[in-house]
Amino acid sequence: MAIVLPNLPYAHEALEPYIGAKTLEIHHGKHHQTYVTNLLKLIEGTDLANEPLEGLILKSVNNPDRVGIFNNAAQVWNHTFYWNSMKPKGGGAPSGDIAAKINAAFGSYDAFIQAFKNAGLTQFGSGWAWLVIKNGTLEIMKTANADTPIAHGIKPILTVDVWEHAYYLDYQNKRADYLDIFFNHLINWDFANANLK
């Protein structure tokens, strides 16, 4: 399986006015591309050269000799998942199976949003907030830097990137505003429902 920069699932300007085309051009075309480029260099000529992306993550997690491989592989995976966690005209209350699971796990959509936003706000420094499924139940988790639920055997449903480069051009240091926009206008509930299967 070739490790390449995947195309965005929408045009650079498709998430405007919430996330600007310039942010996506830099975030996808520079940050995400750099992780792909670095990863390819790190695995070239090694026993991992033909390993799929998820295999690279699982074979490098907690291995001090493969920290660079883990960080770059996980960031390639996390970013691809993040792009798909958003869509034009997304956000708002969910529908389908995910809606029932959110109510069962959190009591209400509002309680879920509060928990998800809190995870994003309290992730110190760089990282991610995730909606995951663990033991058949939805949970919120956060990971630092490149860490990812799949490295821990946990299935992700949605993610929001809280590294500053995800929002700084549009929201400067106002992470809370970015998270509100993500929940109200960008979440891709179709993607979440597909990940429940």
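Student: How many salt bridges does the structure hold, and how should I read such a feature?
Tutor: The structure holds 4 salt bridges, and please keep in mind from the start that the model is predicted. As a general idea, side chains of opposite charge can pair when their charged atoms come close. One of the salt bridges here is formed by the side chains of R66 and D47, with 3.0 Å from N to O. R66 sits in the loop between α2 (53-60) and α3, while D47 sits in the loop between α1 and α2, so this pair ties together parts that are 19 residues apart in sequence. D47 itself counts as exposed, at 61% relative accessibility.

Student: Which residue forms a salt bridge with E51, and is E51 buried or exposed?
Tutor: The partner of E51 is K59, and the closest N and O atoms of this salt bridge are 3.1 Å apart. K59 is partly exposed, having a relative accessible area of 45%, whereas E51, at 16% relative accessibility, counts as buried because the cut-off for that word is under 20%.

Student: Which parts of the chain does the salt bridge between K87 and D190 link?
Tutor: In that salt bridge the closest N and O atoms of K87 and D190 are 2.9 Å apart. The pair links distant parts of the chain, with K87 in the loop between α3 and α4 (97-106) and D190 in helix α8 (residues 189-195), 103 residues apart. K87 is partly exposed, with a relative accessible area of 25%.

Student: What does R175 do about a salt bridge, and which side chain of opposite charge is nearest to R175?
Tutor: R175, which lies in helix α7 (residues 175-186), is buried yet has no salt bridge, and the nearest side chain of opposite charge, E164, is 6.0 Å away. A salt bridge would need a nitrogen of the arginine side chain within 4 Å of a carboxyl oxygen, so the distance to E164 does not qualify. R175 does have polar partners: its side chain is joined to that of Y167 by a polar contact of 3.2 Å, and a polar atom of the R175 side chain lies 3.2 Å from the backbone oxygen of V162. Leaving aside neighbours within four places in sequence, the residues in contact with R175 are G120, L121, Q123, G125, V162 and Y167.

Student: At what angle do helices α1 and α3 pack, and how are two packed helices described?
Tutor: Two packed helices are described by the angle between their axes and the distance between the axes. Here helix α1 (residues 21-43) and helix α3 (residues 67-84) pack at an angle of about 145°, and their axes are 9 Å apart. The crossing of these two helices, α1 and α3, is left-handed. On the α1 side the residues that meet α3 include L24, H28, Y35 and L39, and on the α3 side those that meet α1 include I69, N72, V76 and W83.

Student: Which residues of α2 are buried, and where do they pack?
Tutor: In α2 the buried residues are L53, G55, L56, I57 and S60, and the buried residues of α2 pack against α1 and α3. I57 has a relative accessibility of 0%, and the residues in contact with I57 beyond four places in sequence include F70, A73, W77 and I150. The C-alpha atoms of I57 and A151 are separated by 6.4 Å, although the two residues are 94 residues apart along the chain.

Student: How does W189 in helix α8 meet residues from elsewhere in the sequence, and which ones does W189 touch?
Tutor: W189 counts as buried, at 6% relative accessibility, and among the residues that W189 touches, not counting those up to four places away in sequence, are P94, I102, Y109, F112 and L158. A polar atom of the W189 side chain also lies 2.7 Å from the backbone oxygen of G92.

Student: Which residues take a positive phi, and where is a cis peptide bond?
Tutor: Most residues other than glycine have a negative phi, and most peptide bonds are trans. N62, just after α2, takes a positive phi of about 60°, and N62 counts as exposed at 75% relative accessibility. Q172, in the loop between α6 (168-171) and α7, has a positive phi near 50°. A cis peptide bond joins E16 and P17, with omega about 5°, and P17 has its place in the segment before α1.

Conventions:
Residues are numbered from 1 along each chain as its sequence is written. This is a predicted model: local features need pLDDT of at least 70, side-chain atom pairs count only at pLDDT 80 or more; totals for chains, interfaces and linings use all residues. Side-chain values use heavy atoms; hydrogens and water are left out. Helices (H or I, at least four residues) and strands (E, at least two) are DSSP runs, numbered from the N terminus. Buried means under 20% relative accessible area, exposed over 50%, partly exposed in between (1.4 Å probe, protein chains only). Lys and Arg count as positive and Asp and Glu as negative; His and the chain ends are not counted. A polar contact is a pair of N or O atoms within 3.5 Å; within protein, one must be able to donate a hydrogen and the other to accept it, and residues adjacent in sequence count only if both atoms are side-chain atoms. Contact means heavy atoms within 4.5 Å. Axes are lines fitted to C-alpha atoms, for helices over the stretch in contact, and angles run from 0 to 180 degrees between N-to-C directions. A crossing is left-handed if the near helix is turned anticlockwise from the far one by less than a right angle, and right-handed if clockwise.
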